[in-house]
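User: Please take me through the model shown below, one question at a time, and state the cut-offs behind each term as it comes up.

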Amino acid sequence: MKVFLGDKFRFAAEVGVPGPLCRVDLWAAGRRLTCDDNMAYVPQFRRDVLDAAAWLRSGGGSPLPFAGLSAEATHRRLMQRAGDDEPEADYRLRGRFQVLLWGPTTAVFVVEISAEEFIEILEGIAAALDAGQSESRS
């Protein structure tokens, strides 16, 4: 059974039939984020999704750290010095605003969505993945 959550023009996920691997497609701002790799290892991916929801619920990610900069400009500034020679303070600051660290295929799209709506979608993804795991254990 496929499960679709959210709105593709904001943030959405479509979860396929879970097994050890599961097809998960993600959209943000009308763009498919998972065009290169949409297969997830369910135990790890489910844990990562729930971690992201918990992080957001605890207030992670807001407000943006630089007054007057757009979300896109903030991302560029946070990533400007990322790498091996990045100062520890920059690394910690950047870490406060990273979300969707769910694998090697990532992209930057600005989407306005409330934390509550985003958390609801993330928890729906986890529930859909968990339902498949419960069925496979029976």
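User: In which strand does Tyr41 lie?
Analyst: This is a predicted model, in which local features need pLDDT of at least 70 and side-chain atom pairs count only at pLDDT 80 or more, whereas totals for chains, interfaces and linings use all residues. Residues are numbered from 1 along each chain as its sequence is written, and side-chain values use heavy atoms, with hydrogens and water left out. With helices (H or I, at least four residues) and strands (E, at least two) taken as DSSP runs numbered from the N terminus, Tyr41 falls in the run of residues 39–41, which is strand 5.

User: How much accessible area does the nonpolar patch of Leu21, Met39 and Tyr41 have together?
Analyst: Such a patch joins nonpolar side chains (Val, Leu, Ile, Met, Phe, Trp, Tyr) within 5 Å, from residues with over 30% relative accessible area and no salt bridge, that is, no side-chain nitrogen of Lys or Arg within 4 Å of a carboxyl oxygen of Asp or Glu. By the Shrake-Rupley method with a 1.4 Å probe, where for residues only the protein chains shown count as cover, the three together have about 330 Å².

User: Which helix gives the most residues to the largest nonpolar core?
Analyst: A nonpolar core is a set of buried Ala, Val, Leu, Ile, Met, Phe, Trp, Tyr and Cys residues joined through side-chain atoms within 4.5 Å, where buried means under 20% relative accessible area, exposed over 50%, and partly exposed in between (1.4 Å probe, protein chains only). The largest one has 25 residues, and those with the most contacts inside it include Val24, Phe45 and Leu129. Strand 2 (11–15), strand 3 (21–28), helix 1 (42–57) and helix 4 (115–137) each give two or more residues, and the greatest contribution, 8 residues, comes from helix 4.

User: Against which helix do the buried residues of helix 2 pack?
Analyst: Ala73, Thr74 and Leu78 are the buried residues of helix 2, which spans residues 71–79. Their directions from the helix axis to the C-beta atoms fall within an arc of 135°, so they line one face of helix 2. Judged by contact, meaning heavy atoms within 4.5 Å, the partner of these residues is helix 3 (88–95).

User: What is the phi of Ala29?
Analyst: Ala29 sits in the loop between strand 3 and strand 4 (31–32), and its 34% relative accessibility makes it partly exposed. Most residues other than glycine have a negative phi. Ala29, although not a glycine, has a positive phi of about 50°.

Terms used
Patches are made of residues with over 30% relative accessible area and no salt bridge: like charges are joined within 9 Å, nonpolar side chains (Val, Leu, Ile, Met, Phe, Trp, Tyr) within 5 Å.
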